[in-house]
Amino acid sequence: MNNKILFITTDSCSLCSLGRVKVENIFGSFIEIDTIDVLEYDQNLVFRVPIVVYKNNVLDEGKISSFRLIVRFVRYLIF
């Protein structure tokens, strides 16, 4: 089981920079966060970045919401 947060990003993306800060603030102290470029992951997702993934489940994408990140993370921990 892969217990890491995967942050999918691209170059020159202001939403990605803001989203990365939120992900670091919420998860940075207790779970590993890997950052990967969307072109290395899946080119079909290029218009959805940033994307936050945990256990192959999308926690949030686009304009990242701290509330959605936390709620969906807890949901995937429980179920």
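The following questions and answers concern a predicted model and the reasons behind the terms used to describe it.

Reader: What makes the protein chain as compact as a globular protein of its length?

Author: The elements run β-α-β-α-β-β-α from the N terminus on, which comes to three helices and four strands. The radius of gyration of this chain is 12 Å, and the globule rule gives 12 Å for 79 residues; the two values are close, so the chain counts as being as compact as a globular protein of that length. Along its principal axes the C-alpha trace spans about 35 × 25 × 20 Å. Buried residues make up 37% of the 79 residues. Among contacts between residues at least 6 apart in sequence, 58% join residues at least 24 apart.

Reader: How do you know which strands are the edge strands of the sheet?

Author: The sheet is open, has four strands with mixed pairing, and follows the order β2-β1-β3-β4. Strands β2 (33-37) and β4 each pair on one side only, and that makes them the edge strands. From one strand to the next the twist averages 25°.

Reader: What makes β1 and β2 a pair?

Author: Two strands pair if there are at least two bridges between them. Between β1 (residues 5-9) and β2 there are five bridges, in the parallel sense, so the cut-off of at least two is met. Among the partners, I5 has I33 in β2 as its bridge partner, and L6 stands opposite D34 in β2.

Reader: Which helices pack on the sheet, and what do they touch?

Author: Helix α1 (residues 14-27) packs on the sheet and touches β1, β2, β3 (51-54) and β4. The direction of α1 makes about 170° with that of β1. Helix α3 also packs on the sheet, where its contacts are with β1, β3 and β4. The direction of α3 makes about 175° with that of β4.

Reader: Why is β1 called mostly covered?

Author: Five of the five residues in β1 are buried. I5, F7 and T9 point one way from the strand, L6 and I8 point the other way, and all are buried. In a regular strand the side chains alternate between the two faces of the sheet.

Reader: How do you know that C13 and C16 form a disulfide?

Author: A disulfide requires two cysteine sulfur atoms within 2.5 Å. The S to S distance between C13 and C16 is 2.3 Å, so the pair meets the cut-off. By this rule the count comes to one disulfide. Such a link is a covalent bond between the sulfur atoms of two cysteines. C13 and C16 are both buried.

Reader: Why is this disulfide called right-handed?

Author: The torsion about the S-S bond of C13 and C16 is about 75°, so the disulfide is right-handed.

Reader: Why is D60 called buried?

Author: Buried means under 20% relative accessible area. D60, in strand β4, has 4% relative accessibility and therefore counts as buried. Leaving out residues up to four places away in sequence, D60 touches P50, I51, V52, S65, R68, L69 and R72.

Reader: What makes the approach of D60 to R68 a polar contact?

Author: The distance limit is 3.5 Å between N or O atoms. The side chains of D60 and R68 are joined at 3.0 Å, so the distance is within that limit.

Reader: S65 touches D60; why is S65 called buried?

Author: S65 lies in the loop between β4 (57-61) and α3 (66-78). Its relative accessibility is 19%, so S65 counts as buried, given that the cut-off is under 20%. The side chain of S65 reaches the backbone nitrogen of R68 at 3.2 Å.

Reader: Why is R48 called partly exposed?

Author: Partly exposed covers the range between the buried cut-off of under 20% and the exposed cut-off of over 50%. R48 has a relative accessible area of 33%, so it is partly exposed. R48 is in the loop between α2 (38-41) and β3.

Reader: What does R48 touch?

Author: Not counting residues up to four places away in sequence, R48 touches V58, E61 and G62. With E61 there is a polar contact, side chain to side chain, at 2.7 Å. R48 and I8 are 40 residues apart along the chain, and their C-alpha atoms are separated by 9.3 Å.

Methods. Residues numbered from 1 in each chain as written. Predicted model: local features only at pLDDT ≥ 70, side-chain atom pairs only at ≥ 80, totals over all residues. Heavy atoms only, no water. Helix = DSSP H or I, 4+ residues; strand = E, 2+ residues; numbered from the N terminus. Buried < 20%, exposed > 50% of the residue type's maximum accessible area, 1.4 Å probe, protein only. Polar contact = N/O pair within 3.5 Å; in protein donor to acceptor, adjacent residues only side chain to side chain. Axes fitted to C-alpha atoms, helices over the stretch in contact; angles between N-to-C directions. Contact = heavy atoms within 4.5 Å. Rg over C-alpha atoms; globule rule 2.2 N^0.38 Å.
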